[in-house]
Amino acid sequence: MSVDQITYGTSLIEYSLEYDDRKTLGIKVRPDKSVRVIAPVETTIDEVRKKVKSKASWILKQQEFFLSFHPITPPRKFVSGETHLYLGKQYKLKLRESNTQTVKLHGGLLEVHVKDKGDKDKIQKLIKAWYKEKADQHFVELFEKNKPLTNTFTKKPIGLKYRWMDKRWGSCDKKGGIHLNLELIKAPKKCIEYVLVHELCHLVHHDHSRAFYELLEKLLPDWKETKHKLEKLMV
């Protein structure tokens with residue numbers, strides 16, 4: 001495997017290149033935005049570059065699409081006064097020294113009761129545990145609400161899992177498992193629902209083809225506006 005690149009306008013597209021015993025050249029854009037090209041053994045490098053350049057617009061569009069699913073919320077410092085998102089609303093963090101360690105919403109505050117207000121690791125763990133508890137409620141509720149949508153296009157048993165992810169809002173595996181990023185608990189429920197339905201559509205269409213978007217449009221007509229809201233809010 002080697003690495004090559006082409007220039008398209010002001011963009012530089014770098015890709016990994018492999019040769020295989022096949023008849024056609026294939027191009028794949030991964031969720032991490034990396035590009036993989038697999039070419040027939042006899043293909044020249046000029047032919048590869050010509051093909052990649054002809055697909056450059058599509059490659060850049062795919063990379064932009066995946067980028068929008070990358071959680072890039074700025075890191076928190078876990079000090080009183082900074083804001084934390086929950087279901088699309090901003091709450092000011094208020095640290096209170098206490099022998100009991102709890103997290104709760106009180107008015108417009110996210111109150112964290114902790115023994116040592118300077119223990120940032122402990123504060124972060126308490127907040128993440130609280131987010132997980134809320135996700136247990138809201139993610140499951142939205143999953144059960146939208147699960148019947150799949151009755152017309154799959155008979156697979158569908159399951160829901162969620163964890164903290166670095167690069168994606170969600171994913172779907174071949175066994176029918178829907179995976180959501182716990183970071184989504186910070187977004188409005190409509191945005192969580194959008195990512196969930198997006199992944200449900202991948203149960204039948206595993207790529208971002210026209211058929212995929214037609215199904216997404218059918219199930220969630222306002223998905224574009226919701227996707228934009230998610231991107232804008234979570235930056």
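Okay, one term before we start: when I say contact, I mean heavy atoms within 4.5 Å. With that in hand, here is a number for the whole protein: among contacts with a separation of 6 or more, 47% are between residues 24 or more positions apart. And please keep in mind that what you have in front of you is a predicted model.

Let me give you the overall picture. The protein has 235 residues, and 43% of them are buried. It is built from 6 helices and 11 strands. The C-alpha trace spans about 70 × 40 × 30 Å along its principal axes. As for the surface, about 13,600 Å² is exposed, with carbon and sulfur atoms supplying 50% of that.

Now find the sheet at the beginning of the chain. In what order do its 4 strands sit? The order is E1-E2-E4-E3, in an open sheet with mixed pairing. On the edges you have E1, residues 2–8, and E3, residues 26–29, each of which pairs on one side only. From one strand to the next, the twist averages 30 degrees.

Let's stay with E4 for a minute, since there is plenty to say about this strand. E4 covers residues 35–40, and it runs parallel to E2, residues 11–20, with 6 bridges joining the two. If you want a pair to click on, try Asp-20, whose bridge partner in E4 is Pro-40. Then there is E3, which pairs with E4 in the antiparallel sense over 4 bridges. The pair to click on there is Gly-26 with Ile-38 of E4. E3 and E4 make a hairpin with 5 residues between the strands, and in that hairpin Lys-33 takes a positive phi near 80 degrees.

So is E4 enclosed or open to the outside? Of its 6 residues, 5 are buried, so E4 is largely enclosed by the rest of the structure. Buried, for our purposes, means under 20% relative accessible area.

What lies across this sheet? That is helix H1, residues 45–54, which lies across E1, E2, E3 and E4 and runs at about 50 degrees to E1. Have a look at Ile-45, which is found in H1. Ile-45 counts as partly exposed because its relative accessibility is 30%, and partly exposed is the range between 20% and 50%. Ile-45 also belongs to a nonpolar patch on the surface, together with Tyr-19 and Val-41; the three have about 260 Å² of accessible area together.

Moving along the chain, we come to two residues with backbone angles worth a look. Some background: most residues other than glycine have a negative phi. Phe-78 is not a glycine, yet its phi is positive, about 60 degrees. Where is Phe-78? In the loop between helix H2, residues 56–67, and strand E5, residues 83–86. Phe-78 counts as buried because its relative accessibility is 10%, and the cut-off for buried is under 20%. The second one is Leu-87, another residue other than glycine with a positive phi, this time near 50 degrees. You'll find Leu-87 in the loop between E5 and E6.

That brings us to strand E8, residues 109–114, which is mostly covered, with 5 of its 6 residues buried. Which strands does E8 pair with? One of them is E6, residues 89–97, which runs parallel to E8 and is joined to it by 6 bridges. Click on Leu-93 and you'll see it stands opposite Leu-110 in E8. Another is E7, residues 102–106, which is antiparallel to E8, with 5 bridges. There, Lys-104 has Glu-111 of E8 as its bridge partner. E7 and E8 form a hairpin with 2 residues between them, and Gly-107 in the turn has a positive phi of about 65 degrees.

One last stop, further down the chain: Glu-231, found in helix H6, residues 223–233. Buried or exposed? Somewhere in between: Glu-231 has a relative accessible area of 24%, so it is partly exposed. And if you want a distance, the C-alpha atoms of Glu-231 and Ile-127 are separated by 23 Å, with their positions 104 residues apart along the chain.

That's the tour, so over to you for questions.

Conventions
Residues are numbered from 1 along each chain as its sequence is written. This is a predicted model: local features need pLDDT of at least 70, side-chain atom pairs count only at pLDDT 80 or more; totals for chains, interfaces and linings use all residues. Side-chain values use heavy atoms; hydrogens and water are left out. Buried means under 20% relative accessible area, exposed over 50%, partly exposed in between (1.4 Å probe, protein chains only). Two strands pair if DSSP finds at least two bridges between them. Axes are lines fitted to C-alpha atoms, for helices over the stretch in contact, and angles run from 0 to 180 degrees between N-to-C directions. Patches are made of residues with over 30% relative accessible area and no salt bridge: like charges are joined within 9 Å, nonpolar side chains (Val, Leu, Ile, Met, Phe, Trp, Tyr) within 5 Å. Accessible areas come from the Shrake-Rupley method with a 1.4 Å probe; for residues, only the protein chains shown count as cover. A salt bridge is a side-chain nitrogen of Lys or Arg within 4 Å of a carboxyl oxygen of Asp or Glu.
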